[in-house]
Amino acid sequence: MTTFRNLHKPGDPFILANAWDIGSARVLKSMGAQAIATSSAAHAFTFGRPDGLGVSRDEALAHAEDLVAATGLPVQGDFENGWGDDPDTVAETVRLAGEAGLVGICIEDIKLPSPDAYARAFAIERIKAAAAAARALPNDFVLTARADGIMTGAYDIEEAISRLQGFEAAGADCLYAPIPKTTLDVARICAAVTAPVNVLVAGPIYTAETQRSFATMGAARLSLGSALARATHRVLYDAAAEMFGNGPKDGSFSRLGLSISGDTIDALLT
């Protein structure tokens with residue numbers, strides 16, 4: 001039996017499909033997803049809230065449990081900064097995630113809701129506490145440590161690599177620095193650590209790549225974040241702009257003609 005941990009193979013990345021509700025999770029499973037992840041941003045959108053602690057820990061846990069029950073696939077939680085600054089709170093979040101049936105979570109190094117990063121030593125301390133909690137769980141649990149400051153502009157690639165190396169030494173099972181400036185930076189990150197590396201496939205640079213090209217960079221996992229949810233919102237936006245906007249196609253419904261049949265969706269959901 002292939003476990004979630006065993007899916008992580010540097011140089012042979014699998015796609016960790018981020019869902020935002022039971023329906024999207026079931027469709028992704030039917031289309032071939034081997035594992036599902038939540039997305040903090042996409043989940044917040046379903047409540048009409050912005051990303052960045054847009055959902056509470058209890059809401060995120062309940063949402064993740066729903067996806068576990070609905071799909072039977074391994075489910076990872078996108079759990080932002082663990083809903084607290086101090087290491088004990090992060091460790092408690094890991095414990096609760098394990099009890100909810102998750103196979104892993106991501107923990108960021110950002111002082112949400114600000115874009116500022118925790119000091120490196122403190123960020124590593126937080127991951128050390130999370131790793132200890134993960135190892136104490138009765139079931140195998142993959143802890144992913146994120147160096148998000150490279151995405152928010154809090155630090156550069158050199159600092160991101162130093163942090164990831166510190167997270168690995170602290171016990172993180174998977175490492176993740178979302179959206180470095182170039183794909184060459186991804187290859188640098190993969191070469192600088194021995195733990196599997198997750199790459200976020202979002203934005204024009206990364207969505208232009210392929211699974212095979214990410215393999216040559218050394219990636220072990222490709223997550224989508226909120227990109228797939230935002231793609232569905234793109235369709236919603238374009239269709240609504242056509243229906244309600246003031247352009248030459250004002251009052252038109254042509255975008256709705258691009259939709260998929262109800263029978264196809266019904267089959268994917270069941």
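In the predicted model, strand E1 is largely enclosed by the rest of the structure, because four of its five residues are buried. This strand, which spans residues 14–18, belongs to a barrel that eight strands close in the order E1-E2-E3-E4-E5-E6-E7-E8, with parallel pairing. On one side, E1 pairs with strand E2, made up of residues 36–37, in the parallel sense and over two bridges; within this pairing, Asn18 is placed opposite Ala37 of E2. E1 also pairs with strand E8, residues 221–223, again in the parallel sense but over three bridges, and here Leu16 is the residue that stands opposite Ser223 of E8. Elsewhere in the barrel, helix H7, which covers residues 157–170, lies across strand E5 (142–146) and strand E6 (174–176), and its direction makes an angle of about 160° with that of E6.

A search of the whole structure for paired aromatic rings returned four pairs. One of them is formed by Phe4 and Phe14, whose rings are arranged edge-to-face, with 6.1 Å from centre to centre and 85° between the planes. This pair links distant parts of the chain, since Phe4 belongs to the segment before strand E1 whereas Phe14, ten residues away, lies in strand E1 itself. Both partners are buried: Phe4 is assigned to this class because its relative accessibility is 5%, under the limit of 20%, and Phe14 likewise, with a relative accessible area of 4%. In the pair formed by Tyr206 and Phe214, the ring centres are 6.4 Å apart and the planes meet at 5°, so this pair is classed as stacked. Tyr206 is buried, with a relative accessible area of 1%, and Phe214 is buried as well, at 2%.

The nonpolar interior was then examined. The largest nonpolar core comprises 66 residues, and Ile36, Ile105 and Phe167 are those with the most contacts inside it. Helix H5, residues 120–135, gives the most to this core, contributing seven residues. When residues up to four places away in sequence are set aside, Ile105 touches Gln76, Gly77, Phe79, Thr93, Val94, Ala97, Phe141, Val142, Leu143 and Thr144. Apart from the largest core lies another, of nine residues, which includes Phe4, Ala35, Ala37 and Val103. Two of these residues also appear in the arrangements described above, as Phe4 is the edge-to-face partner of Phe14 and Ala37 is the residue opposite Asn18.

A contrasting setting is provided by Phe47, which is found in the loop between helix H2 (40–46) and helix H3 (57–71). Phe47 has a relative accessible area of 40% and therefore counts as partly exposed, a class that runs from 20% to 50%. Over the ring of Phe47 sits the charged end of Arg49, at 4.4 Å from the ring centre. Not counting residues up to four places away in sequence, Phe47 touches Val55 and Glu59. Phe47 is separated from Ala97 by 50 residues in sequence and by 21 Å in space, taken from C-alpha to C-alpha; Ala97, in turn, is among the residues that Ile105 touches.

Methods:
Residues are numbered from 1 along each chain as its sequence is written. This is a predicted model: local features need pLDDT of at least 70, side-chain atom pairs count only at pLDDT 80 or more; totals for chains, interfaces and linings use all residues. Side-chain values use heavy atoms; hydrogens and water are left out. Rings of Phe, Tyr and Trp (its six-membered ring) pair if their centres lie within 6.5 Å; planes under 30 degrees apart count as stacked, over 60 as edge-to-face and the rest as tilted. Buried means under 20% relative accessible area, exposed over 50%, partly exposed in between (1.4 Å probe, protein chains only). A charge sits over a ring if NZ of Lys or CZ of Arg is within 6 Å of the ring centre and within 35 degrees of the ring normal. A nonpolar core is a set of buried Ala, Val, Leu, Ile, Met, Phe, Trp, Tyr and Cys residues joined through side-chain atoms within 4.5 Å. Contact means heavy atoms within 4.5 Å. Two strands pair if DSSP finds at least two bridges between them. Axes are lines fitted to C-alpha atoms, for helices over the stretch in contact, and angles run from 0 to 180 degrees between N-to-C directions.
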